[in-house]
Number of protein chains: 2
Amino acid sequence: MARRVQKPATQVTADDVARKLGVSQSTISRAFSMTASISEKMKRRVIDASNALGYQPNVIARSLITRRTNMVAIVMANLVDPFYPVVLDELVQQVQARGFQTLLFVPSPGQPVDDIMPNLLQYQVDAIVLTSATISSAMARTCAARDTPVVSFNRYVPGLQIHAVASDNIAGARQVADYLVSTGHERPAFIAAQRDATTNIDRRHGFMSRLKELGMPACLEEEAGDFSYEAGYAATKRLLRKAKRPDAIFYASDIMAAGGIDAARELGMGVPEDVSIVGYDDVPMAALPCYSLTTIRQPVAEMAKVAIDLLGLADPRGTKSAPAMRTIMGSLITRSSTMNRGTAGAGRKRKAAR
Amino acid sequence: MARRVQKPATQVTADDVARKLGVSQSTISRAFSMTASISEKMKRRVIDASNALGYQPNVIARSLITRRTNMVAIVMANLVDPFYPVVLDELVQQVQARGFQTLLFVPSPGQPVDDIMPNLLQYQVDAIVLTSATISSAMARTCAARDTPVVSFNRYVPGLQIHAVASDNIAGARQVADYLVSTGHERPAFIAAQRDATTNIDRRHGFMSRLKELGMPACLEEEAGDFSYEAGYAATKRLLRKAKRPDAIFYASDIMAAGGIDAARELGMGVPEDVSIVGYDDVPMAALPCYSLTTIRQPVAEMAKVAIDLLGLADPRGTKSAPAMRTIMGSLITRSSTMNRGTAGAGRKRKAAR
DNA sequence: TCGTACCTTGCATACGCATGCAATTTAACC
DNA sequence: GGTTAAATTGCATGCGTATGCAAGGTACGA
C-alpha cells in the first residue's frame, strides 16, 4: 500500500519538487524547458524550490523521450602526435560552445574503429567525429540509417557516405614544392608515413606532381611507416646515409620532421646548411627555437568549426544533409629549418654557399 | 486502437526482436544481460535475430533503471601542457579497460570547475576525475550526497572530502636537491608556477627544505606565474640577468624548464656548462636531444591506474569509501641538461671545469 | 454582464529497458 | 513412471522526464 518505498535518497526527482510545491510534475518539467509555456512567477517558485532541494533534471531520462542525448562522440585514434591534443581541444570547445557534451573514445592500439562504433551508437550520441580514423561503408550505412551524422576529421575516404573535413593537403604540398624550388633546392626528397592515409597520399602527390610540373627530376622517397618521431628519425638516417643525398626533405608531418632534424644533426649535418627540412601541421613544437621548422600551418580552429557545423547539431530533428567534403587552405610558415640555396627559379646551379 | 503508431524507424527496440521471435521483451533483455538466467539456445536465437534486425540495446534506457550510466567524467583543465595529453591517454585507457566510457569536459580558460559540475552531474556519471583542478567543499559535499566518487589527479586540497592521487612531489623535489648538491652546485634556484597549486607548493617546499637541511644558503627564487613554456622562458631571462646568477635552476615543470633552456641559450649561456636545468614530469619532450632534460619522472600509468581504482567502479552499488590520498614515488632521470660541477658532497669548491 | 481567446496547469501516457514474482518447462533422482 | 527441485520464461511494473490534450483561469472587448 505504501505509495513510495524509501527512496535511495541519492536522487531528487521532479516529483519531489512538485510535491513540495503542491503542483504537478509537468510543471517542474516545464520550468526547465526553453520552449514550454509557463508563467514567470511559477517558474521562479520552481527554480527556488529546486535549488532548496538540490534538484537537477536527469538528462538521461530526458533523452529517453526527446531522443537526443546532446552528446557528441569524438574518436581520437592518436593522442601521442602533438597535433591531436590541439585538435581535441578545438573540437571539444566547439562542441561545448553549442551546449553539447563530448563522449571520448580512444581505441587501443591496433583496434579498428569499426569495433567501437557499436559501443558508441549504444550511447545514442547525436553525432560522431572521427579523427585520423576511418570506418567501413557498412558502418557508415548503419549510422545513416540511424540518422547519426558522422564527420571525418583530417582524413577521408572517397565514396564513403560521411562528411569530411581536411586542410587542402595537395595545395599545401604544392606550396612546399614551389617554395623549395624557388629557394634553389635541386634534390628534394619526401619521407612518407602510412601509405594508405589520405593525408600522406595527398601530401606526397601534391609535392611530387608539382615538382614534376616544375621540371625537377624524380623525387627521392623514403617510407617511414607511420607518423611518429621515431619513424621520421629512422627514415631520415636511412635516407641520409645513401650515396646521393637530398638537399631538402619534406615530411608527411611535423613530428616526423622533428625526428628528421635530430637524425640529421646526429649524422653531423647542419639544418638547414646541409639539408633543409619541411614539415606539415605547424604543431606548437615546430616553433621551438631548436627546431624552428618550416611547415604548412593547418587552420585547426577553423577546421574544427567547419567539422562541427557539418553535423547540423542545431537542427531539432537531424535534417540529413548529403555528405559534404570540405577542404580548407593551409599556409606556408617559413622558419629557419630551410634556407635559400642560390638563384630563385628553376636554376641549374650546383652548390650554394652559406 | 492502433497498438503502435508508426515507429520513426530509426530505432529498433527489444520489442521488435521479441515480436519477431514470438517471445517476451524480458527475454530479449536477459539475452543481453550478464547475470540474468537464460538458456543458451534462446540466447543464441535472440542474438541472431538482433543482428538480423540491427538491434542494439539502448544503454540510455538501461541506465534509467540500473542507475548506472557506465560513464566517467574527466575534467581536463589543461590540454596545452604536454603532460596532460599523456595523462588523458592513460586515464581513458584505464576507464575503457573497465568497460566504462569517458565524458570529457574542458573548461574554457578561466572558467571555474564548480560551474561545470552541475552539467556533469546531470549526466548521471558514475564517477568524476579532476585533473589539475579543484572544486569547492560545497560541491564535494554535493557529490558525496549523490554517491558520486570524485578523484583529484595531480593536485589535492587538504581537508577536501574527495580522493586524490599525486606523485610524491615533496620527495621528488628532495631528490633534485640531493642530486644538485651532490654534483657540486652551489647556487641553486627555483622557478615557481602558480603559487596556490599544490604541485608547485610541494615541489618548492621539498626542494628548499632539503637544501636547507644540506646546509645550503637561501635559495634563489623567481615566480613565473603559471606552468607554461612562455612563463618559464620569461622568468628565466629575469633570473639570469640578475647580478648573482644561479648555477642550477629547478623548475616546477618540464615545459617551463624547456622555456628556461631556450632562454638561457638565447642569453648566450650554455646548458649545462653555465647553468644546470632540472624539470619535473618527464614529458616526452624532455627526452628530445635538444633539451635532454634532467627531471623527475611521474609514473603516469600507475597514477592513472590508482586513480581509477579509487573510484571503485567495480562495486555494484558504490561502497562509499572514505576519501583517500595516494602519493606515488617518482624517479630522477638524469640527462645532459645537468652536469657534475666538482667534488661530490657538500663541497666548498668554487668553480668546476668542463 | 457575458462571451471569446489566450495563457497556464494537471492528467495521462510513452520513451526502452530491467527485474521481482509467478507460471511453466526441464532435469534429476528414486 | 512419479515426485521434487532447478532452470527458464512471461507478466507487470517502474526508472525520471516530456508532451498532447483537456480543463481551468485570466483578461479583454462588446
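Select A:Phe190 to begin: A:Phe190 is buried, with a relative accessible area of 0%. The model on screen is predicted.

**Stop 1: A:Phe190**

Show the secondary structure around this residue. A:Phe190 sits in strand β6 of chain A, which covers residues 188-192. Now add A:Phe207 to the selection. A:Phe207 and A:Phe190 are 17 residues apart along the chain, and their C-alpha atoms are separated by 8.1 Å.

What is A:Phe190 in contact with, leaving aside its neighbours within four places in sequence? The contacts include A:Asn200, A:Arg203, A:Arg204, A:Phe207 and A:Met208. Also among them are A:Cys219, A:Leu220, A:Glu221 and A:Glu222. Add A:Phe250, A:Tyr251 and A:Ala252 to complete the group.

**Stop 2: A:Val150**

Stay in chain A and select A:Val150. This residue lies in strand β4, residues 150-153. Is A:Val150 buried or exposed? A:Val150 counts as buried because its relative accessibility is 4%, and the cut-off for buried is under 20%.

Next, pick A:Ala127. A:Ala127 is 23 residues from A:Val150 in sequence, yet 5.9 Å away in space, C-alpha to C-alpha. Then show the contacts of A:Val150, again without neighbours up to four places away in sequence. They are A:Ile128, A:Leu130, A:Cys143, A:Ile162, A:His163 and A:Leu311.

**Stop 3: the domains of chain A**

Zoom out and colour chain A by domain. The domain assignment gives domain 1 as 14-57. Domain 2 is written in two pieces, 68-167 and 300-328. Domain 3 is 169-299.

Look at where domains 2 and 3 of chain A meet. In chain A, 14 residues of domain 2 are in contact with 16 residues of domain 3. The centres of these two domains, taken over C-alpha atoms, are 29 Å apart.

**Stop 4: DNA strand D**

Select DNA strand D and the protein around it. How many residues surround DNA strand D? There are 27, and the closest are A:Ser29, A:Arg62, A:Ile65, B:Thr27 and B:Ile65. Of the atoms of DNA strand D that come within 4 Å of the protein, 57% belong to sugar and phosphate.

Highlight the helices here. Both chains take part: α2 (25-31) and α4 (59-66) of chain A, and α2 (25-31) and α4 (59-66) of chain B, each supply at least two residues of the surface near this strand. Colour that surface by class and you get 10 nonpolar, 13 polar and four charged residues.

Now go through three atom pairs.

- A:Ala14: a polar backbone atom is 2.6 Å from a phosphate oxygen of DNA strand D.
- A:Gln25: a polar side-chain atom is 3.0 Å from a base nitrogen of DNA strand D.
- B:Arg67: a polar side-chain atom is 2.6 Å from a phosphate oxygen of DNA strand D.

**Stop 5: DNA strand C**

Switch to DNA strand C. This strand is surrounded by 26 residues, the closest being A:Thr27, A:Arg67, B:Ser29, B:Arg62 and B:Ile65. Sugar and phosphate make up 59% of the atoms of DNA strand C that come within 4 Å of the protein.

Which element gives the most to the surface near DNA strand C? Select α2(B), which gives four residues. By class, the surface near DNA strand C holds 10 nonpolar, 12 polar and four charged residues.

Three atom pairs are worth displaying here too.

- A:Thr27: a polar side-chain atom is 2.2 Å from a phosphate oxygen of DNA strand C.
- A:Ser39: a backbone N or O atom is 3.1 Å from a phosphate oxygen of DNA strand C.
- B:Ala14: a polar backbone atom is 2.6 Å from a phosphate oxygen of DNA strand C.

**Stop 6: B:Ser253 and helix α11 of chain B**

Move along chain B to B:Ser253. This residue is in the loop between β8 and α11. B:Ser253 is buried, with a relative accessible area of 1%. Beyond residues up to four places away in sequence, B:Ser253 touches B:Asp81, B:Arg203, B:Phe227, B:Gly279, B:Tyr280 and B:Asp281.

Now select helix α11 of chain B, residues 254-266. Its 13 residues reach 18 Å from first C-alpha to last, close to the 18 Å expected. How many of the residues of α11(B) are buried? The count is 11 of 13. Among them are B:Asp254, B:Met256, B:Gly260 and B:Ala264.

Show what the buried residues of α11(B) pack against: β6 (188-192), α10 (229-240), β8 (248-251), β9 (276-278) and β10 (295-297) of chain B. Finish at B:Gly268, which follows α11(B) and has a positive phi, near 80°.

Conventions
Residues numbered from 1 in each chain as written. Chains lettered and ligands numbered in written order. Predicted model: local features only at pLDDT ≥ 70, side-chain atom pairs only at ≥ 80, totals over all residues. Heavy atoms only, no water. Near = heavy atom within 4 Å. Polar contact = N/O pair within 3.5 Å; in protein donor to acceptor, adjacent residues only side chain to side chain. Nonpolar A, V, L, I, M, F, W, Y, C, P; charged D, E, K, R; others polar. Expected span 1.5 Å × (residues − 1). Buried < 20%, exposed > 50% of the residue type's maximum accessible area, 1.4 Å probe, protein only. Contact = heavy atoms within 4.5 Å. Domains from an automatic or database assignment.
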